[in-house]
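Work through the exercises below with the sequence and the 3D structure at hand. Each task is followed by a stepwise solution.

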Amino acid sequence: MTEPKKPSPTKKIFSKKLIIILITVSCLFYVLLIQASIQTADRYDQMVQATDEYINCAKADTQLAAGSNYLTEQVRLYVTTLNQQNMDNYFIEVNQNRRREQALEMLLTYNPDETTYDYLQEAKEQSDQLMQREFYAMKLAAISQGIKPEELPSSLQDVPLFDEDLQLSDSAKLAKAYELVFGERYNLSKSLINNNVNQSTNNLLLVTQQQQQEALHNLHITMQQQYLLISLIFMEILLFALLFMRQNRNNQQPEPQEPEQPQA
């Protein structure tokens, strides 16, 4: 009767070493997978941050334009209709809502480069100068209607008027105020401000968009690393299972039986 083959000691030693190697490599892959998972979370946070910055820059640009246009609308309405409500709306925007200032402050928090910063500063300075022009126009229009300086908002009380403008007739004062906020010089100042704002926000949007794309690219790379490591770990599990099943089958093979001795 043929005896079943027993696995040789050399094969047993080789199988044990291979299992130990597989376990060691699996642990290493697991550590790398944890690191890749942490990097993926970091990359995702970077992408979200870059996306938020891009959205906030776009919002700040819109808010800045909206605040500036609103002030222009209210000052023009006042010198046209002489409705006190328009003057009140103007100073509520200037002193309370402050959309222009908030938008500029938001844009400056993103650490713009020197060129972008210069554009923002230039836009702010030009905007402040334009506001003084609007103050002058509103005060001149109010004076033309017989309103005393002390009855005006405090911001207008401190605005000095030129003697030549004070000597104008009431209708001429009003016409001068109208020209100050509707004339070519006013429109040119508005265009320069808008141009500087657009240049600065475009630069910021470009930078944040590049950061967003870079973060997204890095996220894709780390996710691919995760997929690879998971696949390798899965293959090792299969290989380990096959080795375990093979060794278990060998161990379960029946021992060869001794031939029975003939009875006397």
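## Exercise 1: a helix pair

Task: In this predicted model, describe how the axes of helix H4 (residues 114-144) and helix H7 (residues 170-182) are placed, and which residues make the contact.

Solution.

Step 1. The two axes, of H4 and H7, come within 8 Å and cross at roughly 160 degrees.

Step 2. Angles over 145 degrees count as roughly antiparallel, and H4 and H7 are therefore roughly antiparallel to each other.

Step 3. The handedness of the H4 and H7 crossing is left-handed.

Step 4. On the H4 side, the contact is made by Arg133, Tyr136, Ala137, Leu140, Ala141, Ile143 and Ser144. H7 contributes Asp170, Lys173, Leu174, Lys176, Ala177, Leu180 and Val181.

Step 5. Sorted by class, the contact of H4 with H7 has nine nonpolar, four charged and one polar residues.

## Exercise 2: the nonpolar cores

Task: Which residues touch the most other members of the largest nonpolar core, and which helices each supply at least two residues of this core?

Solution.

Step 1. The largest nonpolar core has 39 residues, and Tyr90, Phe135 and Met138 touch the most other members.

Step 2. At least two residues of this core come from each of helix H1 (9-81), helix H2 (84-97), helix H3 (99-108), H4, H7 and helix H8 (184-251).

Step 3. H4 gives the largest share of this core, twelve residues.

Step 4. Not counting residues up to four places away in sequence, Phe135 touches Tyr90, Phe91, Ser155, Leu156 and Val159.

Step 5. A second, separate core has five residues, among them Phe29, Ala36, Leu229 and Ile233.

Definitions and conventions. Residues numbered from 1 in each chain as written. Predicted model: local features only at pLDDT ≥ 70, side-chain atom pairs only at ≥ 80, totals over all residues. Heavy atoms only, no water. Axes fitted to C-alpha atoms, helices over the stretch in contact; angles between N-to-C directions. Helix = DSSP H or I, 4+ residues; strand = E, 2+ residues; numbered from the N terminus. Parallel < 35°, antiparallel > 145°, perpendicular 65-115°, else oblique. Left-handed = near helix turned anticlockwise from the far one by under 90°. Contact = heavy atoms within 4.5 Å. Nonpolar A, V, L, I, M, F, W, Y, C, P; charged D, E, K, R; others polar. Core = buried A, V, L, I, M, F, W, Y, C linked by side-chain atoms within 4.5 Å. Buried < 20%, exposed > 50% of the residue type's maximum accessible area, 1.4 Å probe, protein only.
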